[in-house]
Structure formats: structure tokens, C-alpha cells
Amino acid sequence: MKEILGGLERAVKKWDELGWPRPEVVVVSGSGLAVDLGTAKHHLPLSEWLPFDVHEVPGHPHQTELLVPRPDRPVLYQKGRLHSYQGYSAHQTVFAIRLGALLGARVLLMTNAAGGLDPAQTPGDLVLIRDHLNLIGLNPLRGDLPREWGPRFPDLSRAYDPDLRSLAGSVGEKLGIELSEGVYAAVAGPSYETPAEVRMLGTLGADLVGMSTVLEVIAAKQMGLRCLCLSLVTNLGSGVVDEPMDHEDVLKMSHASAGKIERLFTALLAHDELV
Ligand code: HPA
């Protein structure tokens with residue numbers, strides 16, 4: 001925890017020393033989804049901020065960009081998220097979220113790649129997360145956290161902001177991008193699920209399965225950010241179709257669908273009602 005607290009303090013100081021405007025919004029992109037959201041005004045490798053080593057995973061670039069989609073709205077864009085399956089602690093995983101929150105950001109937009117648990121889904125579908133099941137077995141609020149970060153027992157009944165979901169729905173409609181809503185189950189990974197686990201997750205009420213996102217949302221909610229998270233269904237879950245799972249296929253589908261996400265997020269970042 002000491003490492004994180006010291007690292008955050010240094011990162012906030014560095015942000016200001018660089019003269020970067022403080023962000024209103026944080027964006028974190030998922031596997032193969034490091035889409036182009038406009039020309040970065042500034043950028044730095046993530047390793048420049050983090051008080052711990054960053055390990056690279058294929059399809060996950062690690063860079064912080066400062067975007068300015070409109071003059072009153074600087075955006076901290078973390079291209080490439082940190083996953084707990086890479087060996088990061090929950091506190092390390094949410095570092096960029098806490099940095100954004102301490103710098104004053106009020107909204108968090110995230111994407112992830114997910115497996116669809118319903119045979120009616122098709123790879124390429126975009127699903128707004130309505131709620132989650134945290135089955136990762138970690139929580140970024142464990143331990144002795146600074147009181148000013150937020151409540152010890154934050155409410156998660158509206159973790160995925162209903163107004164932001166409705167805004168995304170209407171922006172998507174205008175752009176001809178179809179969005180549904182669903183419950184995201186986060187598992188530890190990195191092995192993909194067995195068919196029995198996929199059946200179990202469906203029984204538990206999940207529509208999607210992935211290995212990320214929920215730790216960031218928990219930290220973001222504690223610190224008062226409103227969250228909007230978009231899953232790209234890159235594949236159907238193990239056993240939903242009789243095909244072996246392959247990370248390369250997940251990345252291919254992510255690249256193929258990046259354009260839709262790029263258009264949707266670009267429009268949202270410029271929208272009056274986002275913040
Ligand atoms: N399971 C878990 N994580 C994933 C999947 C999946 O099927 N697809 C993309 N991320």
C-alpha cells in the first residue's frame with residue numbers, strides 16, 4: 001500500500017509539473033481495443049507513472065495519453081489495462097483509476113473483450129454492462145485506505161451509471177451502432193472457462209464473462225466516479241459453441257470491431273451530457 005500511496009503522490013505531482021491539464025474523464029481500453037480517440041496532446045509510457053514494473057502482453061500496449069476532445073474536457077486515456085492475471089495486485093490494477101480520480105476526473109469509460117454466455121449473441125456484438133459479478137476473488141478496497149478516497153463500504157447498486165447507459169444508447173442509435181445491456185461476470189483467468197463454468201455463470205445470471213473491469217469500477221465508485229463500460233463479445237463462451245478458445249481470435253475480433261467503438265467513444269467524449 002505504501003508503494004501505491006507514494007506512487008500516486010509522485011504521479012499527481014509529475015502530471016502538474018508536466019503542465020498537463022487535469023482530466024475530467026478517464027478512459028481505459030481492453031484487449032486489442034486500444035482505439036484511436038483523437039490525436040494525443042501528450043503521451044507517456046505507463047511505466048513512467050507506475051511505482052511497479054509493467055509486463056507487456058500481446059495486444060496490450062501500455063501508454064497514457066492526454067486527449068482534449070473539447071477545450072473544457074481533458075481526458076486521461078490509459079491505452080492497455082493492467083489485469084490481475086498478470087500478477088498485479090488489486091491496488092496495482094486500479095492505479096490509473098485512482099490517479100484520474102485524484103486529479104479530479106468524474107467519469108470513467110472503459111471497454112473490454114468478453115465471452116458471450118448466450119447462444120443468441122454473435123461475436124462483434126457490443127453490450128453495455130448493467131451490473132457485475134465479481135468472481136475474481138480480489139477487491140481493491142481491502143486494507144487501510146486513505147479516508148479521503150471515499151467510503152469504506154461503498155454502494156454498488158448503481159455501479160454502471162443508468163444515465164450514462166441511456167446516453168450511450170441514444171448516441172449509438174444516432175450512429176447506427178446497436179447496443180444491448182447485460183451482466184458481466186469477472187473471473188480470475190487467465191485460462192478460459194470450462195464448459196461447466198460457462199453453464200454455471202449463465203445460471204448465476206451473467207450474460208458475459210471476462211477477466212477485468214470490475215476492480216476498476218469498484219475503485220472508481222468508491223472515489224465518486226460515474227462509470228460506463230462497454231463489452232465487445234469477441235467469442236461465445238466455452239461450450240456455447242463447440243470450438244476451442246484462442247486469444248488470437250479474441251484479438252482479431254477486437255481489431256475488426258474497433259471502428260465501431262472508436263466512433264461511439266469519440267462521440268461520447270465530445271457530448272455535452274457526458275460530464
Ligand atoms: N472468457 C473470459 N475472458 C474473455 C473471453 C472469454 O470467453 N473472451 C474474451 N475475454
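**The ligand site and its surroundings**

A nitrogen atom of the ligand lies 2.7 Å from a polar side-chain atom of Glu193, in what is a predicted model, so that every value given here is computed from the predicted coordinates. The side chain of Asn235 takes part as well, with one of its polar atoms 2.7 Å from a nitrogen atom of the ligand, while Ala113 contributes through its backbone, a polar atom of which is found 3.3 Å from a ligand nitrogen. Considered on its own, the ligand would expose 260 Å², and the protein buries 96% of this area.

The ligand occupies the largest pocket. Three strands each give two or more residues to the shell around the ligand, namely strand S5, which spans 107-116, strand S8, which spans 208-210, and strand S9, which spans 226-236. Of these, S5 supplies the largest share, with three residues. The full set of residues surrounding the ligand consists of Ala113, Ala114, Gly115, Tyr192, Glu193, Val209, Gly210, Met211, Thr234, Asn235 and Met245. Sorted by class, this shell holds six nonpolar residues, four polar residues and one charged residue.

Charged side chains also meet elsewhere in the model. Side chains of opposite charge can pair when their charged atoms come close. A search of the whole structure returns 10 salt bridges, and one of the pairs is formed by Glu24 and Arg106, whose closest N and O atoms are 2.7 Å apart. Glu24 belongs to the loop between helix H1 (2-18) and strand S1 (25-28), whereas Arg106 belongs to the loop between helix H3 (95-102) and S5, and the pair therefore ties together parts that are 82 residues apart in sequence. The strand that follows the loop of Arg106 is thus the one that gives the ligand shell its largest share of residues.

Two details of the backbone remain to be described. Most residues other than glycine have a negative phi, and most peptide bonds are trans. Against that background, the peptide bond that joins Gly189 and Pro190 is cis, with an omega of about 0°, and Pro190 is placed in the loop between strand S7 (179-187) and helix H5 (195-203). Thr213, for its part, is not a glycine and yet has a positive phi of about 75°; this threonine, Thr213, is located in the loop between S8 and helix H6 (214-222). The strand on one side of that loop, S8, is among the elements that give two or more residues to the shell around the ligand.

How values were computed: Residues numbered from 1 in each chain as written. Predicted model: local features only at pLDDT ≥ 70, side-chain atom pairs only at ≥ 80, totals over all residues. Heavy atoms only, no water. Near = heavy atom within 4 Å. Polar contact = N/O pair within 3.5 Å; in protein donor to acceptor, adjacent residues only side chain to side chain. Areas by Shrake-Rupley, 256 points an atom, 1.4 Å probe, with all protein chains shown as cover. 1 Å grid on protein atoms, 1.4 Å probe; cavity = no way out; pocket = protein on both sides within 12 Å on 5 of 7 lines; lining within 4 Å. Sits in = over half its atoms within 2 Å of the grid points. Helix = DSSP H or I, 4+ residues; strand = E, 2+ residues; numbered from the N terminus. Nonpolar A, V, L, I, M, F, W, Y, C, P; charged D, E, K, R; others polar. Salt bridge = Lys/Arg side-chain N within 4 Å of Asp/Glu carboxyl O.
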